[in-house]
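Biologist: I've got a few "how do you know that" questions for you. Can we pull the model up and go through them?

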Amino acid sequence: MTVYRPHRPFGRCGLQHSRASSAASHSEWLVPSQRRGESSVNIDEYAALDATGMAEVIASGEVTAGEVAAIARKALTDVNNKLNAVATGPFDEPLDYAADGRFAGVPFVIKDLVCHAEGVPTRMGTRMLGEGVCPPADTYLMERFRAAGLATLAVSTTPEFGFNATTEAIAYGSTRNPWNLDYSAGGSSGGSAALVAAGAIPVAHANDGGGSIRIPAACNGLIGLKPSRGRVSLGPDLGDALSGFAMEFAVTRSVRDTAALLDEVAVSYPGDRFVIAPPSRPWADEVGADPGRLRVAVHTESWAGSYVDPEVAAAVDSVAATLEAAGHHVDRNTPIFDWGQLLEAHVVIWSAFLAESVAGVEAMTGILAGPGNLERTTWECVQYGRRVTAVELGMANATVNAVSREVGRFFSEYDVLLTPTTNSPSVPLGQLDANADLTAAEWTTQIFDTCSFTPLFNATGTPAMSLPLAQSTQGLPIGIQLAGPMCSESMLLRVAAQLETALPWADRRPGIHVTTL
C-alpha cells in the first residue's frame with residue numbers, strides 16, 4: 001500500500017542492516033547482544049508474556065535482553081518453518097533501539113510494506129524488487145518503534161503491494177494460519193499476525209488500507225486496532241496513502257499492549273498532512289477505566305450483500321448481549337449508504353494507487369512492470385489505474401466524502417458500531433488468488449465480498465478494532481469489530497478492556513505454537 005518518492009534513493013543491499021554498526025557510538029541506543037547461543041529463558045514463560053509483561057521482566061533483571069532475543073530468534077525460526085511468515089530474517093542481532101524505552105528489549109517484527117528500517121531490505125511482496133532494496137533511512141514510525149525500545153528481529157510477509165485479504169504472494173509463497181495450516185492467515189498483515197498468534201513474538205507492526213490490520217487479527221485471534229486517520233505518521237515518504245484510506249499501527253495479544261504502544265507511536269511530525277486532536281490523557285490510562293453507559297448499534301448483515309457465516313453473526317449477537325448486560329444501551333442499526341458506489345470508488349482509488357506505487361518502483365529500480373513480474377490481478381489493476389483520469393479520481397473521492405458524512409451523522413447518535421470483522425472465521429488458502437484471471441473490478445469485488453465490514457472505516461478514516469472474542473466450531477478464531485467516531489480510540493480501548501475481562505482470550509493457543517514445536 002505504498003509508493004516511494006524518497007529524497008534519498010534506495011539502493012541494492014544484502015540482508016544485514018546498517019544501523020547496528022552505529023549503536024556503540026550512541027549512548028541512547030543499545031544492541032542487546034550480551035549472550036550468544038541458547039537462551040536459559042523458559043519457552044512457556046516467554047510465550048505467556050505480552051509485550052508489557054516481557055518488558056517488565058527484562059527491566060527487573062530476571063532475564064537479559066540478550067537472552068530474550070536468543071529465544072525469540074529460535075521461536076521465529078521454528079514457527080516460520082511451519083507458517084512461512086518471515087520475509088527477511090531473523091537477524092543475528094536486533095536492530096538497535098532505545099535501552100530506556102517503554103518496551104526495551106521486547107522482540108518485534110516489521111511488515112514488509114510502508115514502514116521500513118534503514119539498511120533493511122524491503123520487497124513489498126513483489127517480484128519486481130527481487131531480494132529487496134535498502135532504504136537510506138527509517139520511516140518516522142520506525143523511529144518511534146526504536147524509541148519505544150522494540151527489538152526488531154525480522155520482516156514479515158505481505159501480499160503484493162498489500163492488495164489482498166490473504167498473504168499468499170508469489171514472491172514468498174503462502175503464509176499459513178497457525179490455527180489450521182490449510183487456512184489463510186488473513187491479509188495484508190498476515191505474516192505479522194501469524195507470528196504473534198504462534199507465540200514467536202508478543203507484538204508486531206501492521207498497517208491497514210481496507211482491513212489489513214483487523215482482518216489478520218480476526219483470522220489469528222489477536223487485537224487489531226486501526227487508528228484514526230492522522231493518528232500515526234506515514235512520513236517522510238508519504239503524506240497520505242490510498243487517498244487517506246491507509247493507516248499504520250500493530251497487532252497485539254492484550255488491550256494494555258495496544259494502548260501503551262499507541263501512546264508510543266502516535267506522534268505528529270512537521271509536514272504531516274493530517275494532524276488530529278491528541279487524547280486528553282494517555283491511552284494506557286483507559287485500560288480498566290469505566291466506559292460509562294454507551295449507545296451501541298449492532299449490525300451483522302454484509303453491506304455488500306455477500307454471505308456472512310451464521311456462527312460469525314451469532315458471535316456478534318453474543319457480544320452484544322454481554323455489552324447490554326454490562327449496562328450499555330444496545331439496538332440494531334447501521335449507517336445507510338450505497339455500497340455499489342463505494343465499491344466503484346475503491347476500484348478507482350486502489351487501482352490508481354497501485355499504478356502510482358508501481359511507477360515509483362519502476363523509477364527506483366529501472367525495472368519495468370509487466371505480467372512477468374507482477375501477479376495477474378495486480379497487473380490488471382495497474383493497467384486500469386493508468387487509465388483513470390483526474391476527474392474519475394475526484395468523483396471517487398466525492399463518493400467517499402458522501403459516505404463519510406453519513407457515517408459521521410450515524411456516530412452522532414451512537415458511540416459504538418458492533419459488527420463482524422470478517423464474513424467468515426477465515427478462508428481456505430487459494431480462495432483469494434491474486435494470480436487469477438480477473439479484472440480490476442472483479443478482483444476488488446472478490447476481496448471486499450469476503451471482508452465487507454472493514455473497508456468502510458478506511459474510507460471514513462474513523463478508528464475501528466477487531467477483538468478475538470469467539471471461536472468457531474472448527475476451532476478458528478472469530479473477530480468482532482468495534483468502530484467509533486473520529487478520535488474515539490480512548491472510548492474503544494475502554495470497551496475493549498471491559499470485553500477482555502468479560503470474555504477473556506489470553507489462554508487460547510493455536511495448534512502451531514512455540515510451546516509445542
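**Helices, sheet and core**

Modeller: Sure, and keep in mind that this is a predicted model. Let's start with helix α7 (residues 255-265), which lies across β10, β11 (223-226) and β12 (247-252) and runs at about 145° to β12.

Biologist: Which sheet has β10, β12 and β11 in its order?

Modeller: An open one of eight strands with mixed pairing, in the order β10-β12-β11-β16-β17-β15-β13-β14.

Biologist: What makes β10 and β14 edge strands?

Modeller: β10 (203-208) and β14 (329-332) each have a single partner strand, so one side of each has no neighbour in the sheet. As for twist, neighbouring strands here are turned by 25° against each other on average, ignoring direction.

Biologist: How do you know that β15 and β17 are paired?

Modeller: Pairing takes at least two bridges. β15 (residues 416-420) and β17 (residues 477-483) have four bridges between them and run antiparallel, so they pass. For leucine 418, the bridge partner in β17 is leucine 482. Helix α14 (residues 489-502) packs on this sheet too, touching β15, β16 (464-471) and β17, with its direction at about 10° to that of β16.

Biologist: What makes Leu418 stand out in the largest nonpolar core?

Modeller: That core has 168 residues, and Phe145 and Leu418 touch the most other members. Leaving out residues up to four places away in sequence, leucine 418 touches residues including Val296, Val298, Val316, Leu323, Ile480 and Leu482.

Biologist: Which helix gives this core its largest share?

Modeller: Helix α9 (residues 339-365), with 13 residues.

Biologist: Why is α9 called largely enclosed?

Modeller: Buried means under 20% relative accessible area. In α9, 19 of the 27 residues are buried, so the rest of the structure largely encloses this helix. From first C-alpha to last, α9 reaches 38 Å, close to the expected 39 Å.

Biologist: What makes aspartate 338 a cap for α9?

Modeller: One of its side-chain oxygens lies 3.0 Å from the backbone nitrogen of glycine 340, at the N-terminal end of α9. The cut-off for a polar contact is 3.5 Å, so that distance falls inside it. After α9 comes glycine 366, with a positive phi near 80°.

Biologist: Last one: is histidine 116 buried or exposed?

Modeller: Histidine 116 is in the loop between β5 (107-111) and β6 (133-134). Its relative accessibility is 3%, so histidine 116 counts as buried. The histidine 116 side chain also reaches the backbone oxygen of alanine 137 at 3.3 Å.

Terms used: Residues numbered from 1 in each chain as written. Predicted model: local features only at pLDDT ≥ 70, side-chain atom pairs only at ≥ 80, totals over all residues. Heavy atoms only, no water. Helix = DSSP H or I, 4+ residues; strand = E, 2+ residues; numbered from the N terminus. Axes fitted to C-alpha atoms, helices over the stretch in contact; angles between N-to-C directions. Contact = heavy atoms within 4.5 Å. Core = buried A, V, L, I, M, F, W, Y, C linked by side-chain atoms within 4.5 Å. Buried < 20%, exposed > 50% of the residue type's maximum accessible area, 1.4 Å probe, protein only. Polar contact = N/O pair within 3.5 Å; in protein donor to acceptor, adjacent residues only side chain to side chain. Expected span 1.5 Å × (residues − 1).
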